[in-house]
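This report considers how the parts of a two-chain model are packed. Please keep the coordinates open while reading.

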Amino acid sequence: MALGGTIRGKKTSLRLPVESDLETYNRWMADMRVRRAHGVWHEPAMPATWKERFKEIAKDKQTVLWSIDAAGQLLGLVVGHVWSMGNGFDVNHFLIDPDEWRKGYGSDAALALHRYVFDYLDLRVATFEIRADNAAALTIAHKLGYTEFAHGHNVDYRDGAYVDEVKLRMDKEAWHERWSAEREYPPLAADATR
Amino acid sequence: MIGPKLVGKNDVALVPMTLENFRLHGPWMMQPEVGRFWGPRFGEVTPESAEKRYKEFAESETSVNWTISYLDEPVGFTGIFDIDWVRRDGESGILIGRADLFGRGIASEAIRLRTDFAWRELRMHRVHNWIAHANRGSRRANEKAGYKQMGLFRRSFFRSGEWYDEWLGEAYPHTFPDQR
């Protein structure tokens with residue numbers, strides 16, 4: 001039920017994840033570059049465990065998984081949670097293959113995801129938690145229009161030390177102010193409902 | 001998991017949560033006097049779902065759950081949830097289910113016991129929570145146990161024609177006042 005459908009960006013697409021993506025997911029979760037930048041969706045595990053996880057999220061009514069793709073190559077994943085009252089969206093995991101960092105795929109996929117959240121789902125607010133030293137993710141979030149609403153101290157532990165966590169939000173108004181030209185569909189034709 | 005018995009001051013105790021007490025949660029949360037700062041006031045409130053959820057609470061390895069007892073009667077629940085044992089961080093929550101007992105310091109004592117347990121027994125590094133900003137009683141009770149504001153989530157939910165903000169707090173062993 002909660003595997004995400006296609007959302008097209010300019011360089012990337014968020015698309016329906018498939019079982020053959022799981023081996024790559026597993027590799028990313030075991031990559032220390034990923035683990036330093038942010039939390040993992042799941043710990044590395046056997047293929048059978050990943051299949052179980054895939055079945056679980058497919059049944060989840062409010063958590064959505066997408067794979068990120070560019071020109072047919074699997075490049076990342078997104079996990080998001082639609083609020084139980086249905087008016088907000090938490091970006092839980094946003095991962096780009098570390099071999100593909102600094103090529104603009106993250107910002108392109110993030111813009112497409114938020115267009116879907118605000119222009120298609122018509123949600124009121126999105127939230128995102130980022131480690132305070134993840135400069136690339138913070139830059140993407142700030143460019144999108146996210147602003148900080150909380151700062152947790154010594155929250156995440158990795159590489160022998162704690163790091164702070166920044167909690168960010170983006171409201172629909174901020175989206176429209178900055179990205180009103182971004183639409184899932186063009187306006188309906190004047191005679192569309194005749 | 002289910003938390004052990006912790007005896008506090010003023011006839012307040014945290015006691016191991018039983019299925020019998022867990023079944024009270026649904027009816028408590030459905031009361032408008034109790035639910036003003038809580039959830040949507042609807043849900044799967046059946047004996048079967050209570051049993052299933054209780055089993056999940058009891059089997060969970062990432063939460064510790066108690067019933068709050070006052071004068072030896074169950075009056076609410078509290079716990080630490082979504083514990084990350086690597087970060088040693090978890091989210092705390094509390095509900096006093098009896099509106100006629102508000103203002104007696106029950107939540108303050110329950111939070112003190114829970115927070116003390118987090119530091120002294122679980123060896124946690126941090127606990128954090130979200131509280132309706134207008135719920136001054138709960139906010140104050142948490143502050144007394146060492147929670148400090150780390151943020152404010154504006155316009156979190158809408159009730160009776162106005163937006164409610166949420167206060168985000170965090171506590172550490174070094175912010176816990178020694179009140180023993």
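The text below takes up the interface, then the nonpolar cores, and then one helix and its surroundings.

The model is a predicted one, and what is said here about packing should be read with that in mind. Where the two chains meet, the contact draws on eleven residues from chain A and twelve residues from chain B. On the side of chain A that touches chain B, the most is given by strand S7 (residues 147-158) of chain A, with nine residues. By class, the residues on that side of chain A comprise five nonpolar, four polar and two charged.

Turning to the interior, the largest nonpolar core has 39 residues, and A:Leu14, A:Ile68, A:Leu77, A:Val78, A:Leu113, A:Ala126 and A:Ala141 are those with the most contacts inside it. Several elements of chain A each supply at least two residues of this core, including helix H1 (22-29), strand S3 (63-70), strand S4 (73-82) and strand S8 (161-171), while H4(A) gives the most, with eight residues. Leaving aside residues up to four places away in sequence, A:Ala126 touches A:Gly88, A:Phe89, A:Val91, A:His114, A:Val117 and A:Met170. Another core, of 30 residues, lies apart from the largest one, and among its members are B:Phe22, B:Tyr54, B:Ile68 and B:Leu95.

In chain B, helix H6 (residues 136-144) has B:Ser138, B:Ala141 and B:Asn142 as buried residues. These three lie on the same side of H6(B), because they cover an arc of only 95° around the axis. An α-helix has 3.6 residues a turn, so residues three or four places apart point the same way. The elements of chain B against which the buried residues of H6(B) pack are listed here.

| Element of chain B | Residues |
|---|---|
| strand S5 | 89-96 |
| helix H5 | 106-120 |
| strand S6 | 126-132 |
| strand S8 | 162-171 |

The pairing with H5(B) can be described further: H5(B) and H6(B) pack at an angle of about 35°, with their axes 8 Å apart, and H5(B) passes H6(B) in a right-handed crossing. From H5(B), B:Ala107, B:Ser108 and B:Ile111 meet B:Gly137, B:Ser138, B:Ala141, B:Asn142 and B:Lys144 in H6(B). The classes in this contact of H5(B) with H6(B) are three nonpolar, four polar and one charged residues. After H6(B) comes B:Gly146, whose phi is positive, near 105°.

How values were computed:
Residues numbered from 1 in each chain as written. Chains lettered and ligands numbered in written order. Predicted model: local features only at pLDDT ≥ 70, side-chain atom pairs only at ≥ 80, totals over all residues. Contact = placed C-beta atoms within 7 Å. Helix = DSSP H or I, 4+ residues; strand = E, 2+ residues; numbered from the N terminus. Nonpolar A, V, L, I, M, F, W, Y, C, P; charged D, E, K, R; others polar. Buried ≥ 20, exposed ≤ 12 C-beta atoms within 10 Å, placed from the backbone. Arc of directions from axis to C-beta. Core = buried A, V, L, I, M, F, W, Y, C linked by C-beta atoms within 7 Å. Axes fitted to C-alpha atoms, helices over the stretch in contact; angles between N-to-C directions. Left-handed = near helix turned anticlockwise from the far one by under 90°.
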